[in-house]
Amino acid sequence: MSDKIIKVENLSKRYRIGAKEQGYKTFREAIIDGFTAPIRNLKRLRKLTKFDDNNAKGKGQRAKGNLGNPMPYALSSMPSSSDDTIWALRDVSFEVNQGEVIGIIGRNGAGKSTLLKILSRITEPTSGDVKLYGRVSSLLEVGTGFHPELTGRENIYLNGAILGMRKTEIARKFDEIVEFAEIEKFMDTPVKRYSSGMYVRLAFAVAAHLEPEILLVDEVLAVGDIPFQKKCLGKMSDVAKGGRTVLFVSHNMQAIQKLCTRVIILHEGRVVMDGPTDEATSKYLGDGMGLNGEQIWPDINNAPGDNVVRMHAVRVLDQNGKVCANYDVRDPVSIEVEYWVLEERHRLTLQLYFINEMGHVLFISKDNLDSPWRDNVCPIGHFRTTCHIPGDFLNEGLISITYGIDTIDVSHLNHATGRDVVIFKVSDRMDPGGVRGNFPLQWRHDGVRPRLFWAVEKTT
């Protein structure tokens, strides 16, 4: 018997440039859609059955896994490309065994989220085949998985029903889900009124506690604060130890290295490596595929944050103010952060964590000494904060930026957090004109390499 729980063969996804994606339906529309869905599904099933019958004549019937019948996507061969289309995935193939924890990494736009949407049956592929041998629970971007008109309580039962669980099974897990999410007093509030942080807390709690055989988790965990992220990572570790399968998309190499035994690298929609975690992360970081000098959230409603602060952008800028992800050790670097303040009753501070490729924090810097609002509440509006790092300060290597925006008072409430939102590379050209001087050997890869002022004199 096979222990394969996911099998992906030649999967491709094409999008038309400029095509609109459908937004949320109203509750009434959702009910109408529920009545008409069986007819649409029957038509689609007939197409799939016809394809399988034709395919079986030449190739034989598909094998069944040890967890039951697969849920296949089997479509026609890949159509030709054109100037008004873009391929998010191209001929992606891999297999996952039951109980594996797989990391999926790649630059923004590599196809990671598209892959998870297809595996979650949110999006259909353009071509290829996917077989899933078990119940799937997914936590993708904020806004998927729950119906916005329903309360948190109702969405827990709805998600459990979608997974095929009985009401008694969901009720048995209910208190545990609420305790993990830490939003008990909002359980009877429609989730459309939740902040992104509250939404993610509940969505992750539901996804992780309703015992799916397959758990799919996207970078959405970056929306939560750092203590909650650690809590989620611990829960995913428990899920994996319980023999369930996890596919984890993240830019956080430390989390990938801690959780995953195997990593798939996507680049421009294709699998460029599928191997052990250490080898894959070293290739990803060493080849510069993880570099990303800018992260933008254009939609304030889906941006990280809460009802006080919402993020807009984080950028790495060169001395000319241009976005750049590659620097010489002698170059100055600036980190620019843009965000919206939505309530005028908080004293806020922004802090930046500078982290190397091994996940170690090199140093932390805050804006509270130089901010005009250090001792006053921030007014409502759009803010831009820039941190300037002089040349001959950072050492060579890969550096990622994690941000946090907090209230400055005894509560120290966090309003927005993002891990590894931008990643840039610092290189040493071995030029004696910089802090290296005439030192000819390899400099140690310590955290920083600042140019300090020395006094050297002959006394006798």
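Which residue in strand 10 is the bridge partner of histidine 267? Arginine 270 is the partner.

This is a predicted model, in which local features need pLDDT of at least 70, side-chain atom pairs count only at pLDDT 80 or more, and totals for chains, interfaces and linings use all residues. Residues are numbered from 1 along each chain as its sequence is written, and side-chain values use heavy atoms, with hydrogens and water left out.

## The chain as a whole

The chain holds eight helices and 19 strands. Helices (H or I, at least four residues) and strands (E, at least two) are DSSP runs, numbered from the N terminus. Of the 460 residues, 49% count as buried. Buried means under 20% relative accessible area, exposed over 50%, and partly exposed in between, with a 1.4 Å probe and protein chains only.

The accessible surface of the chain comes to about 23,800 Å². Carbon and sulfur atoms hold 51% of that surface. Accessible areas come from the Shrake-Rupley method with a 1.4 Å probe; for residues, only the protein chains shown count as cover.

Among contacts between residues at least 6 apart in sequence, 73% join residues at least 24 apart. A contact means heavy atoms within 4.5 Å.

## The six-stranded sheet

An open sheet of six strands runs in the order 6-7-8-4-9-10, with mixed pairing. Its edge strands are strand 6 (136-139) and strand 10 (270-276), each of which pairs on one side only. Two strands pair if DSSP finds at least two bridges between them. The twist averages 15° from one strand to the next. Axes are lines fitted to C-alpha atoms, for helices over the stretch in contact, and angles run from 0 to 180 degrees between N-to-C directions.

Strand 6 and strand 7 (residues 214-217) run parallel, joined by four bridges. Leucine 139 has valine 217 in strand 7 as its bridge partner. Helix 5 packs on this sheet, touching strand 6 and strand 7. The direction of helix 5 makes about 160° with that of strand 6.

Strand 9 (residues 262-267) is mostly covered, with five of its six residues buried. Strand 4 (residues 101-105) pairs with strand 9 in the parallel sense over four bridges. There, isoleucine 102 has arginine 262 of strand 9 as its bridge partner. Strand 9 and strand 10 pair in the antiparallel sense over six bridges. Their hairpin has two residues between the strands.

## Helix 5

Helix 5 (residues 196-209) has 14 residues. From first C-alpha to last it reaches 20 Å, close to the 20 Å expected at 1.5 Å a residue. The expected span is 1.5 Å times one less than the number of residues. Helix 5 is mostly covered: 14 of its 14 residues are buried.

## The five-stranded sheet

A second open sheet has five strands in the order 13-19-18-15-16, also with mixed pairing. Strand 13 (326-328) and strand 16 (361-366) are the edge strands, and each pairs on one side only. The twist averages 30° from one strand to the next.

Strand 15 (residues 348-356) and strand 18 (residues 397-407) pair in the antiparallel sense over nine bridges. Glutamine 351 stands opposite glycine 404 in strand 18.

## Positive phi values

Several acidic residues take a positive phi.

| Residue | Place | Phi |
|---|---|---|
| Glutamate 182 | loop between helix 4 (167-181) and helix 5 | near 60° |
| Glutamate 211 | just after helix 5 | about 55° |
| Glutamate 268 | hairpin of strand 9 and strand 10 | near 55° |
| Aspartate 392 | loop between strand 17 (381-389) and strand 18 | about 55° |

Aspartate 392 counts as buried because its relative accessibility is 11%.

## Other single residues

Aspartate 84 is found in the loop between strand 2 (73-74) and strand 3 (85-97). At 39% relative accessibility, aspartate 84 counts as partly exposed. Aspartate 84 and arginine 16 are 68 residues apart in sequence. In space they are 5.9 Å apart, C-alpha to C-alpha.

The structure holds zero disulfides, a disulfide being a pair of cysteine sulfur atoms within 2.5 Å. Cysteine 232 is buried, with a relative accessible area of 0%. Cysteine 378 also counts as buried, at 2% relative accessibility.
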